Amino acid sequence: MSDLTRLTIAEAREALRKGETTSVALTEAYLSAIDGADALNAFVHKTPEIALEQAKAADARIAAGDAPALCGMPLGIKDLFCTRGVASQAASKILDGFRPEYESTVSQNLWDAGAVMLGKLNMDEFAMGSSNETSTYGNAVNPWKVDDRQLTPGGSSGGSASAVAADLCMAATGTDTGGSIRQPAAFTGIVGIKPTYGRCSRWGIVAFASSLDQAGPMTRTVRDAAIMLGAMSGHDPKDSTSVDIPVPDFEAMLTGDIRGKTIGIPKEYRMEGMPAEIEKLWSDGAEMLRDAGAEIVEISLPHTKYALPAYYVIAPAEASSNLARYDGVRYGRRARLGQGDGIVEMYEKTRAEGFGKEVQRRVMIGTYVLSAGFYDAYYNRARKVRALIKRDFDEVFAGGVDAILTPATPSAAFGLGEMADADPVAMYLNDVFTVTVNLAGLPGISVPAGLDAQGLPLGLQLIGQPWGEGELLNTAHVLERAAGFVSKPAKWW
């Protein structure tokens with residue numbers, strides 16, 4: 001094999017089964033690629049010793065005929081996942097030096113399935129951001145480039161998206177609170193799925209907004225996403241929001257047949273000022289699904305226009321509560337104190353030094369909307385809007401719609417630094433097509449479907465019914481094949 005790092009999970013699985021390569025060879029190829037890609041700043045903690053040890057163990061399992069779904073596959077892990085003995089900082093200064101003595105349930109599921117950890121991946125601090133520019137490690141860079149402009153890989157799972165797109169890992173974990181898997185996937189030309197809330201355990205994942213956060217895979221193909229999601233999923237008694245239902249064989253459900261399925265096109269997503277190329281991509285995607293035998297119908301999700309403001313009340317409120325634990329007492333960074341400083345000064349200085357500007361902004365917003373006198377006016381009202389948004393989806397699905405097709409993002413990847421100092425609301429608008437899925441707890445997937453006029457990838461989003469990841473992945477598989485997206489970024493790093 002000329003280039004092991006170009007193999008998909010499905011292809012590598014077959015090559016390992018036939019003895020055409022080994023997990024050690026795959027891992028060494030990726031470690032070499034990672035060492036040559038520092039310009040992308042995708043990997044922030046490399047773990048070559050762990051990777052090679054796991055690869056040798058995987059080869060032994062394969063030789064013994066005991067090869068689970070991901071046996072021998074080299075993966076990258078978002079820095080939001082706690083990994084035993086390995087720095088897990090959530091890209092924040094306040095967790096500098098934190099090396100947990102436990103493993104997140106999702107990453108443990110991957111290791112149990114035989115996967116190999118290449119290292120930890122860059123992200124926005126505490127997953128708060130849409131461009132990976134809030135990271136204490138500095139921003140990750142999109143491997144796609146226009147002229148001399150460096151582009152964002154999206155956020156918060158920007159390092160994961162960059163690494164998969166640049167062939168630095170076979171696949172990666174991401175998390176999605178308001179679009180943080182799907183937006184970076186769209187910006188980098190890869191596949192990213194946010195499962196139904198409760199499908200993957202949140203235990204051992206550094207919390208941002210607990211009622212919205214969900215882990216998911218970021219991969220090169222829909223088939224790889226199906227394989228990886230199957231390994232990541234499962235009930236976990238350590239997470240009270242983890243649902244005890246069987247995990248289907250998602251890969252076996254990729255039949256490629258969607259005849260008779262009904263795909264909804266929400267009229268509220270046709271927003272004023274939408275770029276013509278996004279509008280065309282959306283129309284083309286609908287036509288591809290129609291040609292595959294699906295019925296395309298217009299639907300209404302009337303409370304969509306309230307989703308973004310509701311999200312930016314609920315998510316900061318939950319972040320304010322979750323991040324209260326970072327106080328310099330138990331773990332992570334503690335500020336240097338002056339003579340006469342007490343515990344209050346320690347809290348204030350530690351949090352002022354440890355949290356970046358965007359995290360501080362969201363904690364302050366969240367604390368405000370939870371405060372006496374504003375709780376009902378903001379937080380409770382946002383929760384009621386959330387219930388209405390979920391009801392919109394419930395009614396559409398009850399009416400016979402099997403999946404919903406929308407754009408994944410309002411544009412292609414933008415330049416690093418272009419929006420960092422602008423009105424933060426302009427950055428928040430990147431989530432306009434994705435936050436509804438989190439508010440309603442639904443599964444959503446971004447599939448690369450074309451290129452814009454500058455040659456940058458664009459993605460389409462499919463939204464499925466609760467616990468319907470299998471059918472959603474199958475519809476995405478059909479869309480992926482029809483779109484025929486095979487372009488890769490030209491290597492410049």
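Strand β9, spanning residues 262-266, has 5 of its 5 residues buried, so the strand is largely enclosed by the rest of the structure. The model described here is a predicted one. In a regular strand the side chains alternate between the two faces of the sheet. In β9 both faces are covered, with T262, G264 and P266 buried on one side and I263 and I265 buried on the other. The strand runs parallel to β10 (residues 295-299), and 5 bridges join the two. Within this pairing, I263 stands opposite I296 of β10.

These two isoleucines also appear around L289, whose contacts beyond four places in sequence are I258, I263, A294, I296, L405, L462, T475, V478 and L479. L289 belongs to the largest nonpolar core, which has 150 residues, and it is listed with L70, L110, F126, F393, L405 and L473 as the members that touch the most other members. Helix α9, covering residues 307-322, gives the most to this core, contributing 10 residues.

**Helix α7 and the salt bridges of E251**

Helix α7 (residues 222-232) is likewise described by its burial: 9 of its 11 residues are buried, so the helix is largely enclosed by the rest of the structure. The buried residues are V222, D224, A225, A226, I227, M228, L229, A231 and M232. After the helix comes G234, which has a positive phi near 135 degrees.

R223, which also lies in helix α7, forms a salt bridge with E251 at 3.2 Å from N to O. This pair connects distant parts of the chain, since R223 sits in helix α7 while E251 is in the loop between α7 and β9, 28 residues apart. R223 counts as partly exposed, at 26% relative accessibility. Elsewhere, salt bridges that share partners join R6, D167, R220 and K488 into one network.

Which residue of helix α1 meets E251 in a salt bridge that links distant parts of the chain? The side chains of R13 and E251 meet at 2.8 Å, N to O, and this pair spans 238 residues, from helix α1 (residues 9-18) to the loop between α7 and β9. The acidic partner E251 is buried, with a relative accessible area of 17%, whereas R13 is partly exposed at 31% relative accessibility.

A salt bridge within helix α1 joins E14 and R17, whose closest N and O atoms are 2.5 Å apart. The two residues are 3 places apart in helix α1, and about one helical turn therefore separates them. An α-helix has 3.6 residues a turn, so residues three or four places apart point the same way. Of this pair, E14 is partly exposed, with a relative accessible area of 32%, while R17 counts as exposed at 59% relative accessibility. In total, the structure holds 28 salt bridges, and the three described individually here are set out below.

| Salt bridge | N to O distance |
|---|---|
| R13 and E251 | 2.8 Å |
| E14 and R17 | 2.5 Å |
| E251 and R223 | 3.2 Å |

**Backbone features in loops**

Several loop residues stand out by their backbone geometry. The peptide bond from G155 to S156 is cis, with omega near 5 degrees, and S156 lies in the loop between β5 (149-150) and α5 (158-165).

Positive phi values also occur at residues other than glycine. N41 has a positive phi of about 55 degrees and is found in the loop between α2 (23-35) and β1 (43-46). Its relative accessible area of 22% makes N41 partly exposed. Phi of D147 is positive too, near 55 degrees, and D147 lies in the loop between β4 (145-146) and β5. At 70% relative accessibility, D147 counts as exposed.

**A nonpolar patch on the surface**

Where the surface is concerned, V329, I343, V344 and Y347 make a nonpolar patch of about 330 Å². V329 comes from the loop between α9 and α10 (343-354), and with a relative accessible area of 39% this valine is partly exposed.

Technical notes: Residues numbered from 1 in each chain as written. Predicted model: local features only at pLDDT ≥ 70, side-chain atom pairs only at ≥ 80, totals over all residues. Heavy atoms only, no water. Buried < 20%, exposed > 50% of the residue type's maximum accessible area, 1.4 Å probe, protein only. Helix = DSSP H or I, 4+ residues; strand = E, 2+ residues; numbered from the N terminus. Core = buried A, V, L, I, M, F, W, Y, C linked by side-chain atoms within 4.5 Å. Contact = heavy atoms within 4.5 Å. Patch = residues over 30% accessible without salt bridge, like charges linked within 9 Å, V, L, I, M, F, W, Y side chains within 5 Å. Areas by Shrake-Rupley, 256 points an atom, 1.4 Å probe, with all protein chains shown as cover. Salt bridge = Lys/Arg side-chain N within 4 Å of Asp/Glu carboxyl O. Pairing = 2+ DSSP bridges.
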